[in-house]
Amino acid sequence: MPSSVMPMPMPSQADGRPSPAAVSAVGLRKSYGDKVVLDGIDLHIPEGSIFALLGPNGAGKTTAVKILSTLITADGGQARVAGHDLTAEAQSVRAAIGVTGQFSAVDGLITGEENMLLMADLNHLSKQEGRRVTAELLERFDLTEAAKKPASTYSGGMKRRLDIAMTLVGSPRIIFLDEPTTGLDPRSRHNMWQIIRELVSDGVTVFLTTQYLEEADQLADRIAVLNNGKIAAEGTAEELKRLIPGGHIRLRFTDPDAYRAAATALTGAARDDEALALQLPSNGTQRELRSVLDWLDSADIEADELTLHTPDLDDVFFALTATAQPKEAVR
Ligand SMILES: Nc1ncnc2c1ncn2[C@@H]1O[C@H](COP(=O)(O)OP(=O)(O)OP(=O)(O)O)[C@@H](O)[C@H]1O
């Protein structure tokens, strides 16, 4: 499947010119020993958008983030982040970005406020400015009450919020969030999504990696699926869903005789004898649904349950990453 996927067109502005890129990369490559992790990655992430890099475990998502945030160097290819060349202007790249990794930068032994003030110091803010920014961010991330408690006493969601608040002390224009909601409960995950949306409404560009398809679907303007070292597909969630077949109508019966009669009449349907269910391919349009219903009426078939299934990102992910997956190397 990946090899047959057409590249998506570049996002463009109303006047047809390509949108200014917060991150652009051509042919990024990285290997560990003889294991190729990134095998020529191209990216174009417009300013002020949310980009999600999806991929199975060990696909190379963190490696891509580490390269683009100058933590490690690529073996080949070129990239510009915030308008600066990744190799020649690494210092300028660092000044423009914030990174929160899977392993938090939060120091549990000191309070949330002290963590923030330390960050302000590292960003060379004056004492007064550091205090102002700290108070503002703690308030924004609902941490004012807990500000004077050791960070080790915080819940997972609070630690994650503190982590992002610390990243924002330096007012980065681009934020890399490596699996920002892994391990969070549903409520904390939804809170984090809201925070991410607010960041973007302030003009920040967000590059996030995730294993949660729903997260990419909910948040991202564009999504790239990384598999076997390559971008298997890239586009909006809707564009990706259109790439794969999988839409169907499912008819379920309670009466085995009715099921058998319907299965005989509907020769093109896939059968699930155990569930007494039939599955008909469908593109999900109203016109097609109506013609199927008319046909069922004319054949005198009455199902007890009819459900319409349109492909979701899960289907896309499974279709694109179904080929032999690389085994995770031991680090
Ligand atoms: N420093 C390293 N030395 C050797 N191999 C490494 C190193 N870092 C990563 N790898 C390997 O590179 C591959 C990609 O790792 P990476 O952490 O980028 O994947 P990932 O997509 O972020 O995975 P996950 O979703 O599990 O976090 C894995 O097979 C990993 O074991």
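Here are three short exercises, with solutions, on a predicted model.

**Exercise 1: the domains**

Work out which stretches make up each domain, and find how far apart the domain centres lie.

Solution. Start with the domain assignment of the protein: domain 1 takes in 2-106 + 154-243, while domain 2 covers 248-310. Next, take the centres over C-alpha atoms; those of domain 1 and domain 2 are separated by 42 Å.

**Exercise 2: a pair of helices**

Describe how helix α3 and helix α4 are placed relative to each other, and list the residues that meet.

Solution. Two packed helices are described by the angle between their axes and the distance between the axes. So let's get both. Helix α3 spans residues 112-122 and helix α4 spans residues 127-140. Their axes come within 9 Å and cross at roughly 135°.

Now classify the angle. Over 145 degrees would count as roughly antiparallel, and 65 to 115 as roughly perpendicular. The crossing of α3 and α4 falls in neither class, so the two helices are oblique to each other. As for handedness, α3 passes α4 in a right-handed crossing.

Last, go through the contact. On the α3 side you'll find Gly 112, Glu 113, Met 116, Leu 117, Ala 120 and Asp 121. Facing them from α4 are Gly 130, Val 133, Thr 134, Leu 137 and Leu 138. Sort the residues of this contact by type and you get six nonpolar, three polar and two charged.

**Exercise 3: a sheet built strand by strand**

Put the strands β11, β12, β13 and β14 in order across their sheet, and say which ones sit at the edges.

Solution. Begin with β13 (residues 277-281) and look at what it pairs with. Strand β11 (residues 248-252) is one partner, antiparallel to β13 over five bridges. To find your place in that pairing, look for His 248, which stands opposite Pro 281 in β13.

Strand β12 (residues 270-272) also runs antiparallel to β13, joined by three bridges. Here Ala 270 has Gln 279 of β13 as its bridge partner. β12 and β13 make a hairpin with four residues between them. Check the turn for Leu 276: its phi is positive, at about 55°.

Put it together and you have an open sheet of four strands, ordered β12-β13-β11-β14, with antiparallel pairing. The edges are β12 and β14 (305-309), each pairing on one side only. From one strand to the next, the twist averages 20°.

Technical notes: Residues are numbered from 1 along each chain as its sequence is written. This is a predicted model: local features need pLDDT of at least 70, side-chain atom pairs count only at pLDDT 80 or more; totals for chains, interfaces and linings use all residues. Domain bounds come from an automatic or database domain assignment. Axes are lines fitted to C-alpha atoms, for helices over the stretch in contact, and angles run from 0 to 180 degrees between N-to-C directions. Angles under 35 degrees count as roughly parallel, over 145 as roughly antiparallel, 65 to 115 as roughly perpendicular and the rest as oblique. A crossing is left-handed if the near helix is turned anticlockwise from the far one by less than a right angle, and right-handed if clockwise. Two residues are in contact if their C-beta atoms, placed from the backbone, lie within 7 Å. Ala, Val, Leu, Ile, Met, Phe, Trp, Tyr, Cys and Pro count as nonpolar, Asp, Glu, Lys and Arg as charged, and the others, Gly among them, as polar. Two strands pair if DSSP finds at least two bridges between them.
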